[in-house]
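Reader: I have a structure to study and would like to understand the terms used to describe it. May I ask how each description is justified?

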Amino acid sequence: PLTTPTPEPTATATPTPAAGDFAWMNLLNSSFNSGDAYYEMVYRNHGGLLLKTDYATAAQTVACTVPGCTHDSADCPAWFPGRYRYYCPFVADGAVYVLNATLFHTDRTWEEYREEYLTPQLDSTDLTPEELEAHYYGLWQQQSAAPQVYRLTDDGKTCIDLPAECVDYVFDFCDDAALYGVMTSGTNGQNTKAVRVDLTTGELQSVPLEPTEYFVTCCDGALLTVRYVTDAPLPDDFEQFRAAVQSATVEFDRYDPRTGERRKLIERPYNIADERLSGYLGTHNGKLYFEEREALQDGGYNRGALQEYDPADGSTATVWDAPPTGSPWDYQDTYTNVLPARGGQAEDWLWLYGTDGAVGGNRCYLMNAATRELVPITQRLKNYAYDIPPYRLAQTADGRWLLWTESNDENEHVAYGLIAPDDFAAGSTDYTPVEMWAG
């Protein structure tokens, strides 16, 4: 593990020129929606393999064009050693990149790592010794490497080694020239720092933040940030922090870290039922959605009104005063953002995720953003272990949805389909089938 103190990044002396729109990186699912294609990492040959689903051709392929490539070694542009979930693809300035965002790091030699992790597994696995060695050697390669960004080329990939302190940051956003990450620290996670990493040089620059501020999602060509607003700095001591934060407000800003341009959008009261986000649920069509919540003594909360805030004119509209009776929905939050990274951001239908208490996600509705019409989702994910709707992966630049439509006994992604949201809302299952890669 890294034990040396984290050096301060180079300060940003002058504003950085804007380089295209910001894009959200899906670290949770190791995927990226460019608007033209859906990129995802999958497990193959004891490592991660990058697949590309092209929306125009409705075809899934390996993100590799090397003739005769077997896609099972580092010679392949699309194959990476180690745990595939710790890689995240993204597209910047037309080029495909992959970030090695592993959560674990080691300074052990391969022999030391092998003895500690592989040897104890030799008698407790169905893998052959050769397969087991390939698996753990890949993990060691991934975890012993410096933080890295790979750039895919026609015949391979180039690698940029990032400064070691990058392991302390979570990189959720990019533009056409850089990655943007945030680190939180302190007893209550209230101390935040942000950095920008140049995709050409790997240089690390600090990004100014207000106290307690961090990035939330993309917003009107910049980033949406949230922070506490207090009369005095919040203390590190837990009990003192708990007392002081009660009088704070929670401010949401549109902030461009490249230029320093900042615009306050809305300020909301601190709410112990959702301490950091004050009921924020997501952003759609430029509007912010908040749920009023009442904290309960047992640690839960009662759900109240759903509010829609429009930064364009500062107006707030009530979607409903309370969740409809018998429908315990949760709004689809920013961590499952499906909009294209750049271009066409409009979305007519909001996906409301919920459950009847039996299975998470088995009761879902669509709500028309303009009319507030609620439509139950009746379509189902075929051959899945649970009775849930198809899983929405992405929205294309031309407005269609890419859905995971069929599974198997291993809950693998067997089939994808493309469909217009209006048709899906009408109950259609007439998907444009994606020709899945058969590897």
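Reader: Which residues of α1 meet which residues of α2?

Author: In this predicted model, W110, Y113, R114, Y117 and L118 of α1 meet L132, E133, Y136, Y137, L139, W140 and Q143 of α2. By class, nine residues of this contact are nonpolar, one is polar and two are charged.

Reader: What makes α1 oblique to α2?

Author: The axes of α1 (residues 110–118) and α2 (residues 129–144) come within 10 Å and cross at roughly 125 degrees. An angle of 65 to 115 degrees would count as roughly perpendicular, and one over 145 as roughly antiparallel. The crossing angle of roughly 125 degrees belongs to neither range, and therefore α1 is called oblique to α2. The crossing of the two helices is right-handed.

Reader: Why is Y431 called buried?

Author: The relative accessibility of Y431 is 17%, and buried means under 20%. Y431 therefore counts as buried. Y431 is found in the loop between α4 (421–425) and β30 (432–433).

Reader: Which residues does Y431 touch, not counting residues up to four places away in sequence?

Author: With those left aside, Y431 touches Q379, P390, L403, T405, G417, L418, I419 and F424. As for A420, this residue and Y431 are eleven residues apart in sequence, and their C-alpha atoms are 8.6 Å apart in space.

Reader: Why is strand β19 described as largely enclosed by the rest of the structure?

Author: Five of the five residues of β19 (residues 280–284) are buried, and the strand is therefore described as largely enclosed.

Reader: How do you know that β19 and β20 pair?

Author: Pairing requires at least two bridges between the strands. Four bridges join β19 to β20 (residues 287–295), and the two strands run antiparallel; the requirement is therefore met. One of the bridges sets G282 against Y289 in β20. Together the strands form a hairpin with two residues between them.

Reader: Is N285, in the loop between β19 and β20, buried, partly exposed or exposed?

Author: N285 has a relative accessibility of 36%. Buried would require under 20% and exposed over 50%, so N285 counts as partly exposed. The phi of N285 is near 55 degrees, a positive value in a residue other than glycine.

Reader: What is said of the phi of T212, and is T212 buried or exposed?

Author: T212 has a phi near 70 degrees, which is positive although the residue is not glycine. T212 lies in the loop between β14 and β15 (214–219). With 8% relative accessibility, set against the limit of 20% for buried residues, T212 counts as buried.

Reader: What is the order of the strands in the open sheet that five strands form?

Author: The order is β1-β11-β12-β13-β14, with antiparallel pairing.

Reader: Why do β1 and β14 each have one side without a neighbour in the sheet?

Author: β1 (23–24) and β14 (204–207) stand at the edges and have a single partner strand each, so one side of each is left without a neighbour in the sheet. For β1, two bridges lead to β11 (residues 170–174), and these strands run antiparallel. In this pair, A23 stands opposite C174 in β11.

Reader: How many helices and strands does the chain have, and what share of its residues count as buried?

Author: The chain has four helices and 30 strands. Of its 439 residues, 48% count as buried.

Key
Residues numbered from 1 in each chain as written. Predicted model: local features only at pLDDT ≥ 70, side-chain atom pairs only at ≥ 80, totals over all residues. Heavy atoms only, no water. Buried < 20%, exposed > 50% of the residue type's maximum accessible area, 1.4 Å probe, protein only. Contact = heavy atoms within 4.5 Å. Axes fitted to C-alpha atoms, helices over the stretch in contact; angles between N-to-C directions. Parallel < 35°, antiparallel > 145°, perpendicular 65-115°, else oblique. Left-handed = near helix turned anticlockwise from the far one by under 90°. Nonpolar A, V, L, I, M, F, W, Y, C, P; charged D, E, K, R; others polar.
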